[in-house]
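Colleague: Please give me a close reading of one part of this model, namely its sheet architecture. I should like the pairing explained step by step, together with whatever bears on how far it can be relied upon.

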Amino acid sequence: GVFAFSGAFAAGENVPTSKVYVDSKLGEKQDIIPKNDGATQVLTNTGTAGEYGTKGIYDANGAYAAQTQNLVDAATMNAGVQNAINSEFQCIEWLDPNDHSSECLLFNIFGQTEHRSPNLFDVSKLPTRLIGNGVGIVNNGDGSITVTASNNSIAVSTGKKLKDLAPGLVPGKLYRLSFDTTGSLKLSYLSCGGDASDNIYWRLNRPITITDTLLDCNMIFYASGRSTTATIKNIQITEGTTATPYVPYGNIYLPATE
């Protein structure tokens, strides 16, 4: 606070109104700080991922200038915290699916494999692919794609094999495809060769048994009709025949069920 005296300070060093006394007490308040008493501890980052330690605030009573050895500088702390974060989290969905240095929209939490997402379709692996004249597939970066058909075909190839878009599929098992679309065609198909007879139609909610051959087939999506556009979102491939609510792809945290 602010205070003032009328008149001169008293001369004695130990007199409360003495200037020497006031200066001395202010000096103690400013310069003398607690020593490490075994209980006065601060949490510090050791610099190793996921590890933290404690240090006494200071080694002993003393001035601030002499106690810097136990202070953690900002750069060291930032590096340690970043290291710890990287050891616990991994980005699995980016603002720009084709640029993994862009903002992360969805993190994987290590150690939660028992709650791994049942969705095996990785939409981030589906790149924007423009064939010409506006025809093609655009990855919108929000988990959805926009499919624009040509004037002589309603089907547009992703240019990607099934095994690239859903790397966790196991031959011999049943899998169910689901998605939401603004188009009228509620199916995809797998193009396995140049002949139409090689195409395997995969209708929504109708499980198919995956084979090694199907894993090497290109995945095709539909627009509403020729020269039209459809937006498709919530694309999901799950094992089995039971319908499940949509969840994003990846090792994400899902609450444990009873």
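Modeller: Two strands are taken to pair if DSSP finds at least two bridges between them. The model is a predicted one, and its confidence deserves a word before the sheets. The mean pLDDT of the protein chain is 75, and 57% of its residues reach 70 or more. Residues 1–7 have a pLDDT below 50, and beyond near neighbours in sequence this stretch has one contact in the model. Residues 63–67 are likewise below 50, but that stretch has eleven contacts beyond near neighbours in sequence.

The secondary structure of the protein chain comprises four helices and 14 strands. Among contacts with a separation of 6 or more, 62% join residues 24 or more positions apart. Of the 258 residues, 34% count as buried. The accessible surface comes to about 15000 Å², and carbon and sulfur atoms account for 52% of it.

I turn now to the six-stranded sheet. This open sheet has the order β5-β6-β7-β14-β9-β12, and its pairing is antiparallel. β5 (129–132) and β12 occupy the edges; each has a single partner strand, so one side of each lacks a neighbour in the sheet.

Within this sheet, β9 merits particular attention. Strand β9 covers residues 174–181, and six of its eight residues are buried, so the rest of the structure largely encloses it. Towards β14 (residues 229–239), β9 is joined by six bridges in an antiparallel arrangement. One point of register here is S178, whose bridge partner in β14 is Q236. Towards β12 (residues 208–209), the pairing of β9 is also antiparallel and extends over two bridges. Here L174 has T209 as its bridge partner, while Y175 is partnered by I208.

The four-stranded sheet can be read in a similar manner. It is open, with the order β8-β13-β10-β11 and antiparallel pairing. β8 (155–161) and β11 (199–203) stand at its edges, and because each has a single partner strand, one side of each is left without a neighbour in the sheet. From one strand to the next, the twist averages 25°.

Inside this second sheet, β10 is the strand to examine. Five of the five residues of β10 are buried, so this strand is largely enclosed by the rest of the structure. L187, Y189 and S191 point one way from β10, whereas S188 and L190 point the other way, and all are buried. Three bridges connect β10 (residues 187–191) with β13 (residues 218–222), the two strands running antiparallel. In that pairing Y189 stands opposite I220, and L190 stands opposite M219. With β11, β10 forms five bridges, again in the antiparallel sense; S191 stands opposite N199 there.

M219 also leads to the edge strand β8, through T158. T158 lies in strand β8. Its relative accessible area is 1%, which is under the 20% limit for a buried residue; T158 is therefore classed as buried. A polar atom of the T158 side chain lies 2.9 Å from the backbone oxygen of M219. A polar atom of that side chain is also found 3.1 Å from the backbone nitrogen of K160. Setting aside residues up to four places away in sequence, T158 touches L126, R129, I137, L165, M219 and F221. Of these contacts, R129 belongs to the range of β5 (129–132), an edge strand of the six-stranded sheet. M219 and F221, by contrast, fall within β13 (residues 218–222).

A further strand, β3, may be placed beside this picture. E93 is found in β3 (residues 89–94). Beyond residues up to four places away in sequence, E93 touches E103, C104, L105, L106, D142, G143 and P248. The C-alpha atoms of E93 and V123 are separated by 8.9 Å, with their positions 30 residues apart along the chain counted as the sequence distance.

To draw the reading together: β9 pairs with β14 over six bridges and with β12 over two, while β10 pairs with β13 over three and with β11 over five. Burial accompanies these positions, with six of eight residues buried in β9 and five of five in β10.

Terms used. Residues are numbered from 1 along each chain as its sequence is written. This is a predicted model: local features need pLDDT of at least 70, side-chain atom pairs count only at pLDDT 80 or more; totals for chains, interfaces and linings use all residues. Side-chain values use heavy atoms; hydrogens and water are left out. Contact means heavy atoms within 4.5 Å. Axes are lines fitted to C-alpha atoms, for helices over the stretch in contact, and angles run from 0 to 180 degrees between N-to-C directions. pLDDT is the predictor's confidence in each residue, from 0 to 100. Buried means under 20% relative accessible area, exposed over 50%, partly exposed in between (1.4 Å probe, protein chains only). Accessible areas come from the Shrake-Rupley method with a 1.4 Å probe; for residues, only the protein chains shown count as cover. A polar contact is a pair of N or O atoms within 3.5 Å; within protein, one must be able to donate a hydrogen and the other to accept it, and residues adjacent in sequence count only if both atoms are side-chain atoms.
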